[in-house]
Amino acid sequence: MITGNIIKIAGPVIVADGMKGTQMYEMVKVGKDKLIGEIIELKGEEATIQVYEETAGMKPGEPVESTGGSLSVELGPGILGSIFDGIQRPLDKIKVITGDYIHRGIDVPSIPKDKKWSFKPTVKVGDEVKGGDVLGEVQETSAIVHKIMVPPSVEGTIKNIVGEGDYTVEENVAEVETSKGAVKVQMMQKWPVRVGRPYKKKLDPDIPLVTGQRAQDTFFPIAKGGTAAMPGPFGSGKTVTQQQLAKWANADIIVYVGCGERGNEMTEVLKEFPELEDPKSGKPLMDRTILIANTSNMPVAAREACVYTGITIAEYFRDMGYDVALMADSTSRWAEAMREISGRLEEMPGEEGYPAYLASRLAQFYERAGRIITVGTEDKESSVSVVGAVSPPGGDLSEPVTQNTLRISKVFWALDSSLADKRHFPSIDWLQSYSLYVDSIQDWWNQNVGEDWRKNRDEAMALLQKESELQEIVQLVGPDALPDKERITMETTRMIREDFLQQNAFHEIDTYCPPKKQYEMLKTIILFQENAVAALERGAASREIISVPVKEDIGRMKYIPEDEFEAKLKEIQDKVVKQLSEV
């Protein structure tokens, strides 16, 4: 252990002397309170350290001790259902000890070390194993079986394995004979947060992450293992949209990272999530969720750590063969923390004061997403999908964090405050948003939902584009000046916007829309457009076409329960054809 002394303090950044022999990104204990810090710069015997706790009251001369290891997370049974801060300290356990305020330097185990878990071995003595192979299972929650894996760097023969029984995470459950000697394996692993966990192969993103949200699934889909950016100004619905994705996305595990968000917003998440019911199993949603809370009034340096903590936990469950969805809310606050630390280090600022390495740090984070084949003897397919909210100041999408994120992520959900003001949820601007996964997931939709999915989607997008051009004419001379065909287009696009894209997150039926229902709803609106244009060509008046009664049925389609939908759909489509042929 190397011990130095503090010689300079600048907010969360301190400089210590006598630190020769330490390494970059090594964890240190700072001052008399033993605050957690990380070395971010080395110069001779001086180490610059970012401290993950409040440094007020600290003074030069106080000791700094090295720990010999980098910032790591503890991975094992006890993670699921937990609420951690940015450096994986369990907030619920800390509250029991210190009350409503976190005391500086408090050291609480990330996962319970005294709790016994029921371990069931899945290998026997003499079996050949590689890193990533499953040694045994623990039923951690009602929703998830926690798989105890061989650490990635270990390969050999099982020399010893415990029988079925109750063990703590620190007890040895197996012994593997390797070429370098015997390695004891516990239920808990430690992994450095800045190092991505290994995998065999990255797969093409050709399976959609179904979210049950029509704007996302049909118009701007994200693939399993994909990346999405969701920029939007204050009050445009970023947090609500991410909560909807967390609740309904077809992922096995949800990791929700509240990075530098306002305390009251994070409080809502922390209060609401434990009470939510998992729509798939009927059990609490927290049984398959991990929350990482790092609010704007918490130490700024911990924001940088919290996204790495979140993605490392996500990769750990990915290695078990699970599909994981990570929600980061918001990466702008993370970038602001980087800017503050960079300023205190007196580094040369880049655009808008952000450090020059902003783009590479964002890329390092987003590129840890992906659909992969896991390491180990058995090839398991699994994925980590990342949805990052971005909070550009004043809603300016040309600022550096948004622009750098767009260069990396493949899906862009642009949230519009004017849509949010009209109570249009989700407030995704269909003219600015895009998805680069549409081509790769097209085959999945064709095989599992409907062969003309892409045709209908593209036609709807073309109509919405046409509407935006016509809006300028309407604002100048009014809708009555439009030719009949354009008036039909305006009516169809109103139906696409209000009856299809708009979705009620608080309605028990409309909160989740299955892919088949989405496809049929859009198909019905396109059917209306085709039959309306045909009626117009036969000489019917646009006023009569626009006032057909079936429009009300189309508007109420989203509220039809799934078990009744097929029968009602046929009825509505027959009405569309009949009523428009009779006009």
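Is Glu-352 buried, partly exposed or exposed? The exercises below work through this residue and others.

The model is predicted: local features need pLDDT of at least 70, side-chain atom pairs count only at pLDDT 80 or more, and totals for chains, interfaces and linings use all residues. Residues are numbered from 1 along each chain as its sequence is written, and side-chain values use heavy atoms, with hydrogens and water left out.

**Exercise 1. Classify Glu-352 and describe its backbone.**

Step 1. Take the cut-offs: buried means under 20% relative accessible area, exposed means over 50%, and partly exposed lies in between (1.4 Å probe, protein chains only).
Step 2. Glu-352 has 44% relative accessibility, so it counts as partly exposed.
Step 3. Find its place: the loop between α6 and α7 (358-366). Helices (H or I, at least four residues) and strands (E, at least two) are DSSP runs, numbered from the N terminus.
Step 4. Check phi. Most residues other than glycine have a negative phi, and most peptide bonds are trans. Glu-352 has a positive phi, near 55 degrees.
Step 5. Try Arg-423 too. Its phi is positive, about 65 degrees, although Arg-423 is not a glycine. Arg-423 sits in the loop between α9 and β26. With a relative accessible area of 67%, Arg-423 is exposed.

**Exercise 2. Locate two cis peptide bonds.**

Step 1. Go from Asp-329 to Ser-330: this bond is cis, with omega near 5 degrees.
Step 2. Ser-330 is in the loop between β22 (323-329) and α6 (331-344).
Step 3. Go from Phe-425 to Pro-426: this bond is also cis, with omega near -10 degrees.
Step 4. Pro-426 belongs to the loop between α9 (417-421) and β26.

**Exercise 3. Describe the ring pair Phe-412 and Tyr-434.**

Step 1. State the rule. Rings of Phe, Tyr and Trp (its six-membered ring) pair if their centres lie within 6.5 Å; planes under 30 degrees apart are stacked, over 60 edge-to-face, and the rest tilted.
Step 2. The rule gives 11 aromatic pairs.
Step 3. For Phe-412 and Tyr-434, the centres are 5.4 Å apart and the planes stand at 55 degrees, so the pair is tilted.
Step 4. Phe-412 lies in strand β25 (residues 411-412) and Tyr-434 in strand β26 (residues 434-435), so the pair ties together parts that are 22 residues apart in sequence.
Step 5. Compare the cover. Phe-412 is buried at 5%, whereas Tyr-434 is partly exposed at 29%.
Step 6. Look for a cluster: Tyr-308, Trp-334, Phe-365 and Tyr-366 form one.

**Exercise 4. Trace a salt bridge across the sequence.**

Step 1. State the rule: a side-chain nitrogen of Lys or Arg lies within 4 Å of a carboxyl oxygen of Asp or Glu.
Step 2. This gives 37 salt bridges.
Step 3. One of them joins Glu-346 and Lys-8, with the closest N and O atoms 3.9 Å apart.
Step 4. Glu-346 is in the loop between α6 and α7 and Lys-8 in strand β1 (residues 3-10), so the pair ties together parts that are 338 residues apart in sequence.
Step 5. Glu-346 is exposed at 64%, and Lys-8 is partly exposed at 40%.

**Exercise 5. Examine two salt bridges involving helices.**

Step 1. Arg-494 bridges to Glu-498, with the closest N and O atoms 2.9 Å apart.
Step 2. Both residues are in helix α12 (residues 484-501), 4 residues apart, so about one helical turn separates them.
Step 3. Asp-553 and Lys-575 also meet in a salt bridge, at 2.9 Å from N to O.
Step 4. Asp-553 lies in helix α15 (residues 550-555) and Lys-575 in helix α16 (residues 562-582), so the pair ties together parts that are 22 residues apart in sequence.
Step 5. Asp-553 is buried at 17%, while Lys-575 is partly exposed at 30%.
Step 6. Salt bridges with shared partners link Glu-38, Arg-194, Glu-304 and Arg-361 in one network.

**Exercise 6. Build the sheet that holds β15 and β16.**

Step 1. Two strands pair if DSSP finds at least two bridges between them.
Step 2. The open sheet has 4 strands in the order β10-β13-β15-β16, paired antiparallel.
Step 3. β10 (128-129) and β16 are its edge strands, each pairing on one side only.
Step 4. β15 (residues 172-178) and β16 (residues 181-186) run antiparallel and are joined by 6 bridges.
Step 5. A hairpin connects β15 to β16 through 2 residues.
Step 6. Ala-174 stands opposite Val-185 in β16.
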